[in-house]
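Biologist: I am new to this model and would like to go through it with you, one question at a time.

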Amino acid sequence: MKLTKAWTLLALGLAGAVFGTAAIAQKKYDPGADDKEIKIGQIGPYSGPASAYGTIGKTIGAYFDKVNAEGGINGRKLKYLPLDDGYNPAKTVEMARKLVEEEEVLLVFNPLGTATNTAIRKYMNEKKVPQLFTATGATKFGDPKNFPYTMGWQPPYAAEARIYAQHLLETQPGAKVAVLYQNDDFGKDYVQGFEEGLGDKAKAMIVSKVTYEVTDPTIDSQMLSLKASGATAFLDITTPKFAAMAIKKAAEIGWKPIHYLTNVSVSVSSVMTPAGLQNGVGLLTAAYVKDPTDPQWQQDAGMKDWLAFMAKYNAGASVTDNSNVYGYSAAQTMVQVLKQCGDNLTHDNVMKQAANLDLTLPMLLPGVNVKTGPDDFYPIEREQLAKFDGKTWVLFGKVYGR
Amino acid sequence: MTARQRRIAWLLGALLLAAAVVLPFMVKNYRVFQFNLVLVYAIAILGLNILTGFNGQISLGHGAFFAIGGYAAAVMMDRFGVPYWATLPVAGVLCFGLGFLMGFPALRLGGHYLALATYALALAVPQLLKWKLIEPWTGGVQGIVLSKPEPPFTFRLLGQPLNADRWLFLFTCAVAVLMFVLAHNLLRGRIGRALVAIRDHPIAATAMGINLPIVKSTTFGVSAAYTGVAGALGAISVAFVAPDSFSVLLSISLLVGLVVGGLASIPGAIFGALFVQFVPNVANDLSKSAPWAIYGVLLIGLMYLMPTGAMGLLRMTWARWRPAAALDPKPDPALTTRRHST
C-alpha cells in the first residue's frame, strides 16, 4: 500500500515535471495542514466562572484522540490545541491571535461563549481563518454575507423560539401569550424568533412582554404583571436561577398557563428541583441531543458507542453531563468536514465543506440532522419538544424546524 | 542621585527606548500584541502603585477604573467617531474625577476596610455596564467591537512593515514613557515625599502641614487616571470591550502585579506587568487541568525568593555587588518601603 502510494506520487511528480505544470496541485494546503497533520485550535473556559463548560473542550480532545488512534483523517493526524480564556473576551482575543499567528492552525473550532466569540469574529474574518461551529446559540453567528468565516453549530435561540411559536399555533391558535425575557442578546434573540414564528398573529397574540436584568434580586413583580395580563401561554426565556424563581412564583400565585421554558434552563438538578418538582409538571421545552439520563436510550446503539468512547478515551468525565454529548457530536461534525475536504486543506475549502453538510449524528435525536448550505450557516435547526413529568423530560410529538 | 548615577539612568533609559522601538520589528504580530498589553498593564500597575505602594491605600478595585477607561474610549470611538488618541485624555480625566470622588469615602476607611470598599467597586462595575439605560452606548452584554487604528505613515525596519499592531505598540510605548516620566516627577519631589509620609505616619504628616484629605483624595484620583488611561489603551489594542472582560480577577491581577514588581517602585510596574501578562499563559502551558494551582505555586515561590518584589531583588543584588551604592548618604525615602526601613 505504502509502496503504491510512493509510486503514484513519483508518477505524479514526473508528470508534473514533464508537463511543466503543477500536477501535485491536487493537494492544497494553507498554514496548519500538511501531509501528516492538521492543526485545530480551540478556546474555552478551562478556568473561571464558566469552567463547568470546560468539559466540552476536553471531550472534543478525547474524540480527536480516538480518531487519531483509528488512523486519522485521510492519513493525517489531528493536532488539537485547546487554550483557556477564562470566559474573558479580552483573553479570547489574545488566544485567537496566538492560535492564528503563532501556532498557525488551520481553523479555530468550537470557541465557547457569546461575548468571547463576538470579540474575535472580526479578527478571524479579517485573517480569513475559519471560526467554525461556535459553542453559542446566539443567532448572529450564522451570517455568511458579512462573516463568511464564522459558523455556529447548535440550534440558534431564535430557531428554538420559532418551534415554540409553531407548536402554539398548532395547539392553541387563540392563546394569549405573556413573554418574560432576560434583557440581553440571549433574551432578544428568542423574542425575535418567537415573533417571526407567530408571523402576522404576533401582535394579536402577545399580550405582555416583560424583561428582567441578570442583576435583579427577584422577578416577583414581573410574574405578577404577567399574570395580570390574562395570558394563557407563557414563554419563559430565563437563565437557570430565574427559571427556578419563575416556575415557583407561577405556582405560588396560582397561574397555570401553557409554560414554554428555554432549553438553556432545563437542568433537573439546578432548576426543576429548587423550583419544586411538582410545580414543573407539564412544562414544555425543546431538545436536540439524546439525554444520557433518559432511560429510553439505554439500548440505543449511538448511546452505547458514546458510553464506550467515554469509558475508553474520556474516563473521569461525567456520563450524565449533556455537555459531553455536545462535545462528542460537535467533534464528529468537525471530522466530517475534514473528511470532505480531502487533500484540499485550505481555509476557504474548510468553509466551503462546512457549508455543504447533510448528515445525521448518532447522539442527536432521531430526525434531527446537520444541514448547511452556502446561505445557511445554521447546522442544527431541528428540535423535538419534551414535557416535564415531575422527574424528567419526556420527548413527544414530531420533530420541528426547517 | 549623584551626577554619575543620573548619567547612567539616562543612558539606560535611552537604551531601553531604542530596544522598545526595534523590538516590535523583530517578533511576530501576536508577540507585539502581547508586549503591547504588557505596557498597558504596566501603566495600570504604576497607577495602583502610586496609591498603594507610595500612599499606602490598598485598592482591590482598580479593575473598575480600567473598565471605565476602556469603555470611555470604546464608546467615544464607536458612537461618536472620536479618534483613538483623543480618547486617552478624556478617559484619564473621567477616571480622575471618579477616583477623586472614591477617595472621599476612602478617607474614613483605613486599611482592610478600604480594600473591601474598593473590592465592592470592582464587583459592581461590570454589572453596571450592562445597565439598560446606558445600553445604547455600551452595547450591553454584547460589548463594543472596535477597529484597530491604522498607522498614519509607513516604513520598513528589518524588512518588516509598520502595521497596525506595531504602530499601536509604538504609540502605547510613547504614552507609557510619558506616564512614567510624569509619575517620576510627581513622586520624586515634594508631593512624593508627602505621599510616603502619609503612608508611614499620617499623624506626623499632618503635624508637618500636609493637608491629608486633599492629598489622599487627589492621589486616588491620579491613580485612577493612570489606570483609566491604561484601560483605554487596552480597549484600543484588544479592539473589543464587554463587561466580562473586566472581572474581579483583573483587579486582583493588578494587585498581584504590583506586589511582584515591587511596592513603591516605578520601574517595578514593568516587571509586574510581565508577570500579569505571561505567567497565566505559562501556567496554562504547564497544566491544562489546574492552571491556577500552578500560578499559585509560582506566586508563592516568587514571594519567597523576592519578598520585596522584582525591584527589591534587583536592589539587593546591586547592593551586594556594589557596597558603595548601599552606602548612599541620602537614601531616597520613597525607595525604602516600610518593610525594610530601619
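The questions below turn to the domains, one helix and the contact between chains of this predicted model.

Biologist: How far apart do the C-alpha centres of domain 1 and domain 2 of chain A lie?

Modeller: Chain A is divided into domain 1, made of 28-155 together with 300-381, and domain 2, which covers 158-287. Between the C-alpha centres of these two domains of chain A the distance is 31 Å.

Biologist: How many residues of domain 1 of chain A are in contact with domain 2 of chain A?

Modeller: On the side of domain 1 of chain A that touches domain 2, the residues divide into four nonpolar, two polar and one charged. These meet six residues of domain 2, and the number from domain 1 is seven.

Biologist: What distance between its end C-alpha atoms does helix α2 of chain A show, and why does this agree with its length?

Modeller: Helix α2 of chain A holds 16 residues, 54-69, and because each residue should add 1.5 Å, the expected span is 22 Å. The end C-alpha atoms agree with this, lying apart by 23 Å.

Biologist: Which elements are among those that cover the buried residues of α2(A)?

Modeller: The buried residues of α2(A) include A:Gly57, A:Lys58, A:Thr59 and A:Phe64. Their cover in chain A includes β2, β3, α11 and α12.

Biologist: Which element gives the most to the side of chain A that touches chain B?

Modeller: The contact takes 24 residues from chain A and 23 residues from chain B. In chain A, the elements that give two or more residues are β3, α3 and α4. With eight residues, the element that gives the most is α3(A).

How values were computed:
Residues numbered from 1 in each chain as written. Chains lettered and ligands numbered in written order. Predicted model: local features only at pLDDT ≥ 70, side-chain atom pairs only at ≥ 80, totals over all residues. Domains from an automatic or database assignment. Contact = placed C-beta atoms within 7 Å. Nonpolar A, V, L, I, M, F, W, Y, C, P; charged D, E, K, R; others polar. Helix = DSSP H or I, 4+ residues; strand = E, 2+ residues; numbered from the N terminus. Expected span 1.5 Å × (residues − 1). Buried ≥ 20, exposed ≤ 12 C-beta atoms within 10 Å, placed from the backbone.
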